[in-house]
Amino acid sequence: MKTYNLKPHYSFEEAKAKAGEWVTDKDYDLLIKDDCNAYNEKGEPLFFFRKNKIPSKLCANAYQSLRKAAMPSNNRGAAAGLIDEVNHLATRTAKIKKDGTLSKTNSSKEVNSGIVGYFDRNARFPYCRQTAWLEKNFQQFSDAYPYIKYIDKLFEEACPEKYYAQKTMTDKTEKDFVIKDTVFTTITVNKNFRTALHTDAGDYEGGLGNLAVLQAGKYEGGYTAIPRYRVAFDVRSGDVCFFNVHEYHGNTEIKSQLAYERISIVCYYRENMFNCLNAKEELKRAQNRKRGEKLN
């Protein structure tokens, strides 16, 4: 198996300055389509690509189960691309509050994206919980579970160092909020979503993001690129790429003259899930919460 030792072509801060910009074929020199491992200039894992490793039957079942989890969303920030020609990352949406004043919120471009699995506490929902999709479609997710479990198995084989670092976190986490027998708590599902340059937020930095694709029809492009290292990978059905999602990355344009679907599946551990209590205790937090109470 080929191993690459890659050096950055510019700094992380320079990459950050490009957040929200589209990635093109000019942003990479090396296109990965076969099994390989890659490390950065410090000898740290950058990505591990595995070609056609997931059985086709598991892919077919997962495609039918998960494709509708990607729903219209305007909550993807820079990943959805710059909102207009003057490089605003968000548009301001005004709503009238009860007291007659205006309430303004940020929203990004609308894309097809959804979250499956479990979510940690935040200011809006100060309790751990199932995602809305999982709550409504638990049996449907069960049909996709063997696919997710297989990704977990390949992760362990490809990069045991990162896998077991992530496993230490799931071992600390209440099982009510872990996808059973995996090192994942959460899955992002995107449909025909060309992501602009961004980093993934909320992922455990000690692990790796797990990118797989389920596809229907034929298309070209859609390569996932890390421009700072001048590399991209062509992830298709049956493939999986484990990579450092805290490097700025994005997708090239997807091109097709026929109907197609590119469903990307990103499995990860949300970094704050170890703070969750069990499901019953988190439900009590939700029921007992007072309006305006601060997150803790």
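1. Asn-112 first. In this predicted model, Asn-112 is partly exposed, with a relative accessibility of 27%. Its place is in strand β8. Ala-69 is 43 residues away from Asn-112 in sequence. In space, the C-alpha atoms of Asn-112 and Ala-69 are 8.8 Å apart.

2. Next, the charged pairs. Side chains of opposite charge can pair when their charged atoms come close. How many salt bridges does a search of the whole structure find? The search gives 14. Three pairs and one network are taken up below.

3. Asp-29 and Arg-230 form one salt bridge, and their closest N and O atoms are 3.0 Å apart. Asp-29 sits in the loop between α1 (12-16) and β2 (30-32), while Arg-230 sits in the loop between β13 (224-226) and β14 (231-233). The two are 201 residues apart in sequence, so the pair ties together parts that are that far separated along the chain. Is Asp-29 buried or exposed? Asp-29 is exposed, because its relative accessible area is 58% and the cut-off for exposed is over 50%.

4. Lys-51 and Asp-239 also meet through their side chains, in a salt bridge of 3.1 Å, N to O. This pair links distant parts of the chain, 188 residues apart. Lys-51 is in the loop between β4 (45-50) and α2 (56-66). Asp-239 is in the loop between β14 and β15 (240-243). Accessibility deserves a check here. Lys-51 counts as partly exposed at 30%. Asp-239 has 0% relative accessibility and therefore counts as buried, the limit being under 20%.

5. Glu-282 pairs with Arg-121, the salt bridge spanning 2.5 Å from N to O. Where does Glu-282 lie? Glu-282 lies in helix α6 (residues 279-288). Arg-121 lies in the loop between β8 (111-119) and β9 (129-130). The pair therefore ties together parts that are 161 residues apart in sequence. Glu-282 is buried, at 1% relative accessible area. Arg-121 counts as buried too, with a relative accessibility of 18%. The cut-off matters for Arg-121: buried means under 20%, so 18% qualifies.

6. Which residues are linked with Lys-191 in a network of salt bridges? They are Arg-67 and Glu-261. When viewing this network, select Arg-67, Lys-191 and Glu-261 together.

7. To recap the pairs by burial: Asp-29 is exposed, Lys-51 is partly exposed, and Asp-239 is buried. Glu-282 is buried, and Arg-121 counts as buried.

How values were computed: Residues are numbered from 1 along each chain as its sequence is written. This is a predicted model: local features need pLDDT of at least 70, side-chain atom pairs count only at pLDDT 80 or more; totals for chains, interfaces and linings use all residues. Side-chain values use heavy atoms; hydrogens and water are left out. A salt bridge is a side-chain nitrogen of Lys or Arg within 4 Å of a carboxyl oxygen of Asp or Glu. Helices (H or I, at least four residues) and strands (E, at least two) are DSSP runs, numbered from the N terminus. Buried means under 20% relative accessible area, exposed over 50%, partly exposed in between (1.4 Å probe, protein chains only).
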